[in-house]
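The exercises below work through one protein model, and each task is followed by a solution in steps. Please keep the sequence and the structure in view while reading.

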Amino acid sequence: GDGWLDAIHPDDLEAVLERRDANRFGPAGEDRIVDGLEGRYVLPDGSITWILAKLHLRYDADGELEKQTVVVVDISARKTLEQHHERLIAILQASTDYIGIATPPGDILWQNKPLSELRDHVERRVADEHPEWAMKLLETEAIPTAIETGSWSGKSALLDGEGKEIPVSQVVLAHRNADGELQSFSTIMRDISAQEAVERTLRER
């Protein structure tokens, strides 16, 4: 029956019912599977957990519901991870540093807002974001060091939308899976233009 719906949090009930009702009816005599019914579930002690429900509906030859089986899975751990991930992304997006993630061959997977808005168009390759000398530094020193030791830090440069160099202090991190296989690189870059301008002024005195 539908008794399980009684414990769905009131704020989630409408969305759960809409998804259920949009997918529950089909040709007479055929079974229907309705999945993706996700929402908060109020336990008898008043605590709240997240659940994912799947319905298996069996209809008779006249199209009448003959049997309904409900499978409910606790997805609280997954939702907690998703919330942590969303908070982390919000922090990275709010940072004034340039932050990005790329595959080992150099394809860009993700960039935070400051980095993605640095140019008028979104780059797809790491090589397109750096002047030639800085990319050579990454390929010959930064990336090999990160692969060997896990990280590298030093001075590098980015290109802005007009092709001008932005001096940055850069950190490159290598990320591996549980089997030790290289999965991706992440980088954090900070604009040091002001710092370098001061250093030039001091040298010229």
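**Exercise 1.** Which residue in E8 does Ile-99 stand opposite?

*Solution.* Before starting, note that this is a predicted model, in which local features need pLDDT of at least 70 and side-chain atom pairs count only at pLDDT 80 or more, while totals for chains, interfaces and linings use all residues. Residues are numbered from 1 along each chain as its sequence is written, and side-chain values use heavy atoms, with hydrogens and water left out.

Step 1: helices (H or I, at least four residues) and strands (E, at least two) are DSSP runs numbered from the N terminus, and two strands pair if DSSP finds at least two bridges between them.

Step 2: E4 and E8 run antiparallel and are joined by five bridges. Within this pair, Ile-99 stands opposite Ile-188, and Tyr-98 has Met-189 as its bridge partner.

**Exercise 2.** Place strand E4 in its sheet, and describe the partner on its other side.

*Solution.* Step 1: the open sheet has five strands in the order E5-E4-E8-E7-E6, with antiparallel pairing. Its edge strands are E5 and strand E6 (151–159), each of which pairs on one side only, and the twist from one strand to the next averages 25 degrees.

Step 2: helix H5 (residues 193–204) packs on this sheet, where it touches E6, E7 and E8, and its direction makes about 130 degrees with that of E7. Such angles run from 0 to 180 degrees between N-to-C directions, the axes being lines fitted to C-alpha atoms, for helices over the stretch in contact; contact itself means heavy atoms within 4.5 Å.

Step 3: E4 and E5 pair in the antiparallel sense over three bridges, with Ile-101 opposite Trp-110 and Gly-100 partnered by Gln-111. The two strands form a hairpin with five residues between them, and in the turn Gly-106 has a positive phi of about 105 degrees.

Step 4: four of the five residues of E4 are buried, where buried means under 20% relative accessible area, exposed over 50%, and partly exposed in between (1.4 Å probe, protein chains only).

**Exercise 3.** Describe the sheet that contains strand E1, and say which of its strands stand at the edges.

*Solution.* Step 1: three strands form an open sheet in the order E1-E2-E3, with antiparallel pairing. Strand E1 (31–42) and strand E3 (65–74) stand at the edges with a single partner strand each, so one side of each is left without a neighbour in the sheet. The twist from one strand to the next averages 20 degrees.

Step 2: strand E2 (residues 48–59) is joined to E3 by nine bridges, and His-56 has Thr-69 in E3 as its bridge partner.

Step 3: helix H1 (residues 10–23) packs on the sheet against E1 and E2, with a direction that makes about 180 degrees with that of E1. Helix H2 (residues 76–94) also packs on the sheet, touching E1, E2 and E3, and its direction makes about 125 degrees with that of E2.

Step 4: Arg-32 lies in strand E1 and is partly exposed, with a relative accessible area of 25%. Although Arg-32 and His-56 are 24 residues apart in sequence, their C-alpha atoms are 5.9 Å apart in space.

**Exercise 4.** Is Glu-129 buried or exposed, and which residues does Glu-129 touch?

*Solution.* Step 1: Glu-129 is found in the loop between helix H3 (113–116) and H4, and Glu-123 is found in that loop as well.

Step 2: Glu-129 has a relative accessible area of 4% and is therefore buried. Glu-123, at 11% relative accessibility, also counts as buried.

Step 3: not counting residues up to four places away in sequence, Glu-129 touches Ile-108, Gln-111, Leu-115, Arg-119, Glu-123, Ala-157, Leu-158 and Leu-159. With the neighbours within four places in sequence left aside, Glu-123 is in contact with Ile-108, Asp-128 and Glu-129.

**Exercise 5.** What is the volume of the largest pocket, and which elements give two or more residues to its lining?

*Solution.* Step 1: on a 1 Å grid over the protein atoms alone, a cavity is a set of points where a 1.4 Å probe fits but cannot get out, whereas a pocket is an open set with protein on both sides within 12 Å along at least five of seven lines, and lining residues have an atom within 4 Å of a point. Grid points are joined across faces, edges and corners, and a volume is the space filled by probe spheres set on the points.

Step 2: the largest pocket has a volume of about 310 Å³. It is lined by 26 residues, of which Ala-102, Gly-106, Val-126, Ile-143 and Phe-185 are the closest to its centre.

Step 3: the elements that give two or more residues to this lining are strand E4 (98–102), strand E5 (108–111), helix H4 (132–149), strand E7 (165–176) and strand E8 (182–191).
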